[in-house]
Amino acid sequence: MEDVPLPALFEQARKIHNSATATASAADQVVKKGCEALHRCEDMVNNLGLFSPNETKEDISTTNLKYILVPFYLAELTEKLAQDDRIHILKASQAKLKEFISFCEAMELVPKEELESYIEGASKTVADQRARKIARFKRQRAAESKLLEIKEQKERRGRSTKAAALSTPVEAGEEEVLDDDGEEEREAWITTISLAICKALDLLDMLKKEEEMLSAVKDRQSKDGDKEFSKDVLDERAKKAEAWHHDSAVRARYTKPSSPITCATFAQDVLEGRAKASQAHDHKHQPLIFGPASLVNGNITTERERMAAQVFQPSHRMPTMSIEEAGLKEMEIMNKWQERNVRLMEEANSSWHNDRKSKPGEDDDEDDAAQEKARAWDDWKDDNPRGAGNKRLTPCG
């Protein structure tokens, strides 16, 4: 992360935050990576001096508005960390939330009614608390609908711009230059910050209540520590003894002599060396057990029941494969036989006598003899024209 620029690092941390908050149980390694990235963003924002206490939201550029959300994202991810000391996590998350709310208050981003209730603390009456929660929920809904509307407008404008670019070519120098401080982008980030403020106030109240409950439980455990410790130790010892007896009972099954092999497939594997007779085997087509109702589909535990189950067996051999498996096996054999026949037919029909290689001198001798024979035949035809020896057959001969 040392060489990653601030915009890319913030975008990476924001994606991790969205994926972690979208699910109830996020991976601890992902949350830690997001916290590390946000801590690095926070250090870079402080080193660059992007914000000043003398500024307001109008003085901050649109490109820097999103970095206001870094403490809020960090608080939400810190709350999701899994550690033994939960109270320490809650305090760290609350500190980041208070830092975020204080900065938004300095930037004049917190509504007045929320600011008054935050400064005064929790309302004493239930009606005031209910009214504040309802107003906050309405603001949260309005912010979410506004963000959705801005997103839809942006998508529609992108589609229309793309269609216009395809219909009319854009010449050099006429491209549309987007302004970084565009009103739409600025409005979207300010709305996102307002939504984050609502969530931060709700999360802060929830974390305060959780811290109070955990502190009360911790105080009670410190008072009754000795009793709880002795009870936990006894429970742990009882669990260890029970687990040891269970493992011994499981191991005792395999210390007995191996039972006869009743599966033909497993017997073939043992004969060919792919398996051992001592290891347990589970085959698909186990033999049916005939006998008393207590033994059919029951768990054979005693030696008497095992011997009785071996006695009551069918008089015929049970199948080792199903009809579908036998059909597939026969189909495989038939395919191999057809491939072999095709190969033999190709070999029988091949012109092997034309493929043999002749000696280097034989081709030249045969060509010369053929040329000489052709020349002699041409000379004879010149000396003996057609019909020259048939003068006696002519009328004037």
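What follows is a walk through a predicted model of an all-helix protein, from its overall make-up down to single residues.

The overall picture is easy to sketch. The model holds 14 helices and 0 strands, so reading along the sequence gives the pattern α-α-α-α-α-α-α-α-α-α-α-α-α-α. The protein has 397 residues, and 21% of them count as buried. Its accessible surface adds up to about 30,700 Å², with carbon and sulfur atoms supplying 53% of that. As for contacts with a separation of 6 or more, 73% come from residues 24 or more positions apart.

Helix H4 is a good place to begin a closer look. This helix covers residues 70-79, and 10 of its 10 residues are buried, so the rest of the structure largely encloses it. The buried set starts with Val70, Pro71, Phe72, Tyr73 and Leu74, and carries on with Ala75, Glu76, Leu77, Thr78 and Glu79. What do these buried residues of H4 pack against? Their partners are helix H1 (6-22), helix H2 (28-48), H5 and H8.

Just ahead of H4 comes Lys66, in the loop that runs between helix H3 (62-65) and helix H4. Lys66 is buried, yet it has no salt bridge. The nearest side chain of opposite charge belongs to Glu11, 5.5 Å away; a salt bridge needs the nitrogen and oxygen within 4 Å, so this pair does not count as one. Setting aside neighbours within four places in sequence, Lys66 touches Phe10 and Trp189.

Salt bridges do turn up elsewhere: a search of the whole structure finds 12 of them. One of these joins the side chains of Glu99 and Lys96, at 3.5 Å from N to O. Both residues sit in helix H5 (residues 86-106), 3 residues apart, or about one turn of the helix. How do the two ends of this pair compare in exposure, buried or partly exposed? Glu99 is partly exposed, because its relative accessible area is 37%, while Lys96 counts as buried because its value is 18%, under the 20% cut-off. The pair also belongs to a bigger arrangement, since Glu42, Lys96 and Glu99 are linked in a network of salt bridges.

Two other salt bridges tie helix H7 to helix H8. In one, the side chains of Arg136 and Asp202 meet at 2.5 Å, N to O. This pair links distant parts of the chain, with Arg136 in helix H7 (residues 126-167) and Asp202 in helix H8, 66 residues apart. Arg136 is buried, with a relative accessible area of 4%, whereas Asp202 is partly exposed at 34%. In the other, Lys146 bridges to Glu187, and the closest N and O atoms are 3.0 Å apart. Here too the pair links distant parts of the chain: Lys146 is in helix H7 and Glu187 in helix H8, with their positions 41 residues apart. Lys146 is partly exposed, at 34% relative accessibility, and Glu187 is partly exposed as well, with a relative accessible area of 34%.

Arg136 also features in a distance to helix H6 (residues 112-120), where Glu113 is placed. Glu113 and Arg136 are 23 residues apart in sequence, and their C-alpha atoms are 9.6 Å apart in space. Glu113 is partly exposed, with a relative accessible area of 45%.

Helix H8 (residues 183-223) offers another residue to look at, Met213. Why does Met213 count as exposed? Its relative accessibility is 59%, and exposed means over 50%. The C-alpha atom of Met213 is 10.0 Å from that of Ile87, although 126 residues separate the two along the chain.

Last comes the surface charge. Asp364, Asp365, Glu366, Asp367, Asp368 and Glu372 gather there in a patch of negative charge. One of them, Asp367, is found in helix H14 (residues 360-383). Asp367 is partly exposed, with a relative accessible area of 45%; a patch takes residues with over 30%, so Asp367 clears that limit.

Key:
Residues numbered from 1 in each chain as written. Predicted model: local features only at pLDDT ≥ 70, side-chain atom pairs only at ≥ 80, totals over all residues. Heavy atoms only, no water. Helix = DSSP H or I, 4+ residues; strand = E, 2+ residues; numbered from the N terminus. Buried < 20%, exposed > 50% of the residue type's maximum accessible area, 1.4 Å probe, protein only. Contact = heavy atoms within 4.5 Å. Areas by Shrake-Rupley, 256 points an atom, 1.4 Å probe, with all protein chains shown as cover. Patch = residues over 30% accessible without salt bridge, like charges linked within 9 Å, V, L, I, M, F, W, Y side chains within 5 Å. Lys, Arg positive; Asp, Glu negative; His and termini not counted. Charge placed at Lys NZ, Arg CZ, Asp CG, Glu CD.
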